[in-house]
Amino acid sequence: RKNWVAKLIGRKKLPEGTDVFIGQCLTHHVQTLTEYRADTAIGSFLGLTEATYRRREAGNLLADTPTRARHIALAVVLSAREAQAADEHCWRSVREAVSSYLLALEGWGYHLSDVERLAAGYPEQD
């Protein structure tokens, strides 16, 4: 999933709904930006090699390439959601933040695995 998200963020044009998703993360699920090791995946999503504080590096990248602000903002919020979705128990009960993340990825073309489908709130298949 992380590789797919990194490719998504690396696209020249982001998918429809990106701005709404970022807005929802900043309003309804803002706590995920500070919880769950929110900056863990930012480096891989943006191709950063620095092992330092990744949000700071993303900020430096923003200063260097302001035209990629949407890409960087998406990388930050997806990193937070990815860290939360990586919890091995997230499939046991549907969490809105994880579900909306997985459903957004699916809407953008990602194929959910069976476990990801459970975490997204789909009913268990026989």
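## Close-ups of a predicted model

**View 1. Arg1 pairs with Glu116.** In this predicted model, Arg1 and Glu116 form a salt bridge, and their closest N and O atoms sit 2.7 Å apart. Arg1 belongs to the segment before H1 and Glu116 to helix H7 (residues 114-120), so this pair ties together parts that lie 115 residues apart in sequence. Look at Glu116 and you'll find a buried residue, with a relative accessible area of 9%. Arg1 comes out at 25% relative accessibility, so Arg1 counts as partly exposed.

**View 2. Arg1 also meets Glu82.** Here the side chains of Arg1 and Glu82 come together in a salt bridge, at 2.8 Å from N to O. Again the link is between distant parts of the chain: Arg1 is in the segment before H1, Glu82 is in helix H5, and 81 residues separate them. Glu82 has just 4% relative accessibility, and because buried means under 20%, Glu82 counts as buried. Put this view together with the previous one and you get a network of salt bridges linking Arg1, Glu82 and Glu116.

**View 3. Asp19 bridges to Arg70.** A search of the whole structure turns up three salt bridges, and this close-up shows the one between Asp19 and Arg70, whose closest N and O atoms are 2.9 Å apart. Asp19 is part of helix H2 and Arg70 part of helix H5, so the pair ties together parts that are 51 residues apart in sequence. Both partners are partly exposed: Asp19 has a relative accessible area of 48%, and Arg70 has a relative accessibility of 38%. As background, side chains of opposite charge can pair when their charged atoms come close.

**View 4. H2 has a buried face.** Helix H2 covers residues 18-27, and its buried residues are Thr18, Phe21, Ile22 and Cys25. Seen down the axis of H2, these buried residues fall within an arc of 100 degrees, so they line one face of the helix. The spacing makes sense if you recall that an α-helix has 3.6 residues a turn, so residues three or four places apart point the same way. What do the buried residues of H2 pack against? Their partners are helix H5 (69-85) and helix H6 (96-107). Swing over to the other side of H2 and you'll see Val20 and Thr27, which are exposed.

**View 5. Gly23 of H2 and Val77.** Gly23 also has its place in helix H2. With a relative accessible area of 28%, Gly23 is partly exposed. Gly23 and Val77 are 54 residues apart in sequence, but from C-alpha to C-alpha they are 9.6 Å apart in space.

**View 6. H1 shows a buried side too.** In helix H1 (residues 2-10), the buried residues are Val5, Leu8 and Ile9. Around the axis they cover an arc of only 95 degrees, which puts them on the same side of H1. That buried set packs against helix H3 (42-46), H5 and H6. On the other side of H1 are Asn3, Lys7 and Gly10, which are exposed.

**View 7. H5 packs on H6.** Two packed helices are described by the angle between their axes and the distance between the axes. For H5 and H6, the angle is about 115 degrees and the axes are 9 Å apart. The crossing of H5 past H6 is left-handed. H5 makes the contact through Leu78, Arg81, Glu82, Gln84 and Ala85, while H6 brings in Ala97, Val98, Ser100 and Tyr101. Sorted by class, that's five nonpolar, two polar and two charged residues in the contact of H5 with H6. You've met one of these contact residues already: Glu82 is also in the salt bridge with Arg1.

**View 8. Thr34 in a loop.** For Thr34, head to the loop between H2 and H3. Is Thr34 buried or exposed there? At 65% relative accessibility, Thr34 counts as exposed. Thr34 and Asp114 are 80 residues apart in sequence, and their C-alpha atoms are 28 Å apart in space.

Conventions. Residues numbered from 1 in each chain as written. Predicted model: local features only at pLDDT ≥ 70, side-chain atom pairs only at ≥ 80, totals over all residues. Heavy atoms only, no water. Buried < 20%, exposed > 50% of the residue type's maximum accessible area, 1.4 Å probe, protein only. Helix = DSSP H or I, 4+ residues; strand = E, 2+ residues; numbered from the N terminus. Arc of directions from axis to C-beta. Contact = heavy atoms within 4.5 Å. Axes fitted to C-alpha atoms, helices over the stretch in contact; angles between N-to-C directions. Left-handed = near helix turned anticlockwise from the far one by under 90°. Nonpolar A, V, L, I, M, F, W, Y, C, P; charged D, E, K, R; others polar. Salt bridge = Lys/Arg side-chain N within 4 Å of Asp/Glu carboxyl O.
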